[in-house]
Amino acid sequence: MVDEEGPVDDRLAQELAATLTQAQDALPAAAPGAVAAIRRRYRRKQRQRAGLASLAVAVLVLAVTLTGAELTRGVPSEPPVGEGARGTIRVWAITQPGAEPALWKLVNRYNRSAEVDVDLSTFGNEEYKEKLREVGSPEGPDVFASWGGANLTGLARDGLLADLTPLRDEPAIAGRFLPSALAGGVVDGRQYGIPMSGTHPVVLFYHKGVFADAGVRPPRSYAELLSLVETFKARRITPVALGGAHGWTELMWVMYLAERIGGPGTTADIVAGRPGAWSKPAVVQALREAQALAVRGAFGTDFASTGYDDGAASGELASGRAAMQLMGTWEYPTQLARNPDFVADGDLGFVPFPAVSGGAGDPADLVGVPTHYFSMVAGGRHREAALEFVRAVASDDYLDDLVADGEVPPVSDAADRLRGTKHGGFGTSVHELVTRAPSYGLAWDQALAPAAATALLDSLRRLFQGELTPEQFVAAMAEAG
């Protein structure tokens with residue numbers, strides 16, 4: 001084009017540049033280096049006033065290059081960082097509320113010294129289960145947290161995860177984390193997840209002030225718990241806060257009752273998908289007991305619309321409107337963040353789930369989340385930098401930050417780290433529960449395959465609302481597999 005057509009030239013250049021950007025975003029991020037090279041060539045041509053035809057050719061070359069790379073390579077290898085720009089690693093996690101929890105501090109430390117940036121996104125419990133479906137897609141993460149269980153197993157067997165066994169075998173990892181914690185990240189003998197959070201058994205939290213006012217003590221047996229339900233109802237206090245808008249909060253009751261009644265083999269049969277696992281007498285009795293609690297008003301009248309992720313159920317406990325709550329030990333840092341005075345005043349207490357008379361389960365057995373795991377997507381961006389970020393979860397700084405948040409890291413020297421700290425009393429008690437537990441089972445909704453877990457949570461909500469009988473629940477789960 002001649003100089004007089006400069007404005008047209010500029011307009012077309014902008015339109016084609018926008019097309020180039022859209023093409024880059026729409027195609028898999030297989031070779032950003034090619035994008036940078038084409039753009040550099042374009043700028044040289046523009047300075048030389050060589051016309052816009054070269055840019056149109058560049059767009060075509062880019063589409064062919066990226067499409068060809070996707071067809072021939074499948075999963076992209078680590079791309080170079082272009083023209084002085086910092087690369088980015090996308091990290092996904094589920095975290096508890098807090099002004100600056102340990103994970104955010106880890107990210108900030110990493111970003112101050114590394115040559116690439118970590119872009120951390122965190123999600124609530126229910127939302128995150130859906131987000132995990134995007135792992136391995138162009139929109140997915142490079143590093144992500146999981147609970148272990150069926151989700152991790154499925155992704156590993158589908159070839160979507162990087163093998164972290166060499167990292168696991170490093171002395172700084174193998175010699176630091178408890179073998180039981182590392183075991184939850186193993187699939188078919190290979191390590192695909194590295195522990196990245198505290199350990200979270202489910203326990204029965206209670207409001208010490210409310211109990212003192214009523215002149216009662218926390219329950220040691222299930223019969224005592226039933227008696228407390230009537231005591232607090234008579235005082236117009238909700239006996240047990242329950243975020244029943246989420247089926248996983250209701251699952252805790254069924255899991256513990258089934259374990260206390262039938263022993264840890266009950267959970268093992270369900271997780272393994274053994275025939276008749278859901279119809280075992282211990283499971284049916286647990287379902288009946290849980291539904292009976294709802295009927296007798298143990299959870300109040302509004303539990304079906306009460307949330308947990310939004311802090312509603314925890315707020316009921318902290319305010320004294322509820323006397324108890326069955327929840328994972330992440331409830332402690334959650335209360336620290338949302339209701340700090342409740343913790344500072346010494347009103348938050350907890351005890352193990354009570355024993356069931358005549359049951360086969362050991363009262364010291366636990367269910368919950370042994371830990372969360374960081375995994376890497378196979379062929380993700382900036383592999384070495386991502387590996388270094390995952391390695392940092394074993395650093396002293398990060399582990400001490402977990403302790404400062406009220407977490408109990410699953411490491412061999414946890415007792416030493418907890419001693420004398422602000423939240424050491426709580427952490428030491430949790431650590432003792434974990435170390436002496438004969439069995440520590442992963443929550444069923446994480447241990448089961450996604451389809452079965454969805455059916456489980458849906459059926460639980462209907463069970464607690466009286467829409468399903470225990471027998472109908474069993475039939476629905478048998479059909480779901």
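This passage describes the nonpolar core, aromatic pairs, two helices and a pocket of a predicted model.

The largest nonpolar core of the model comprises 133 residues, and Trp253, Trp278, Phe299, Phe374 and Phe464 are those with the most contacts inside it. Helix 12, which spans residues 247–262, gives the most to this core, contributing ten residues. In soluble globular proteins, nonpolar side chains tend to be buried together.

Across the whole structure, a search returns 19 aromatic pairs. In one of these, the ring centres of Tyr128 and Trp147 lie 5.8 Å apart with their planes at 65°, and the pair is therefore classed as edge-to-face, a term reserved for planes over 60 degrees apart. Because Tyr128 belongs to helix 5 (residues 125–131) whereas Trp147 sits in the loop between strand 3 and helix 6, the pair ties together parts that are 19 residues apart in sequence. Both partners fall under the 20% limit for burial: Tyr128 counts as buried at 0% relative accessibility, and Trp147 counts as buried at 5%. A further edge-to-face pair is formed by Trp253 and Phe299, with 5.6 Å from centre to centre and 65° between the planes. This pair links distant parts of the chain, since Trp253 is in helix 12 and Phe299 is in the loop between helix 14 (281–295) and helix 15 (312–319), 46 residues apart. Trp253 and Phe299 are buried, and they also take part in one aromatic cluster together with Tyr256, Phe303, Phe353 and Phe464.

Leu457, found in helix 23 (residues 450–464), has a relative accessible area of 7% and is therefore buried. Although 206 residues separate Leu457 from Leu251 in sequence, their C-alpha atoms are 7.4 Å apart in space. When residues up to four places away in sequence are not counted, Leu457 touches Lys129, Gly247, Trp248, Leu251 and Asp445.

Two further helices were examined for the residues that they bury and for what covers them. In helix 6 (149–157), the buried residues include Ala150, Leu152, Leu155 and Ala156, and the elements covering the buried residues of this helix include strand 3 (143–146), strand 4, strand 12 (373–376) and helix 22 (444–447). Helix 6 is followed by Gly159, which has a positive phi near 75°. In helix 19 (residues 396–404), burial is found for Tyr398, Leu399, Asp401, Leu402 and Val403, and the cover over the buried residues of helix 19 includes helix 4 (102–113) and helix 20 (414–418). Helix 19 is followed by Gly406, whose phi is likewise positive, near 90°.

The second largest pocket has a volume of about 540 Å³. Its lining is made up of 35 residues, among which Gly184, Pro370, Tyr440, Gly441 and Leu442 lie nearest the centre of the pocket. At least two lining residues are supplied by each of helix 6, helix 9 (179–183), strand 4 (186–187), helix 13 (264–272), strand 11 (366–369), helix 21 (424–436) and strand 13 (440–442), and the largest share, four residues, comes from helix 13. By residue class, the lining of this pocket divides into 22 nonpolar, eleven polar and two charged residues.

Terms used. Residues numbered from 1 in each chain as written. Predicted model: local features only at pLDDT ≥ 70, side-chain atom pairs only at ≥ 80, totals over all residues. Heavy atoms only, no water. 1 Å grid on protein atoms, 1.4 Å probe; cavity = no way out; pocket = protein on both sides within 12 Å on 5 of 7 lines; lining within 4 Å. Points joined across faces, edges and corners; volume = space filled by probe spheres on them. Nonpolar A, V, L, I, M, F, W, Y, C, P; charged D, E, K, R; others polar. Buried < 20%, exposed > 50% of the residue type's maximum accessible area, 1.4 Å probe, protein only. Contact = heavy atoms within 4.5 Å. Core = buried A, V, L, I, M, F, W, Y, C linked by side-chain atoms within 4.5 Å. Phe/Tyr/Trp six-rings, centres within 6.5 Å; stacked < 30°, edge-to-face > 60°.
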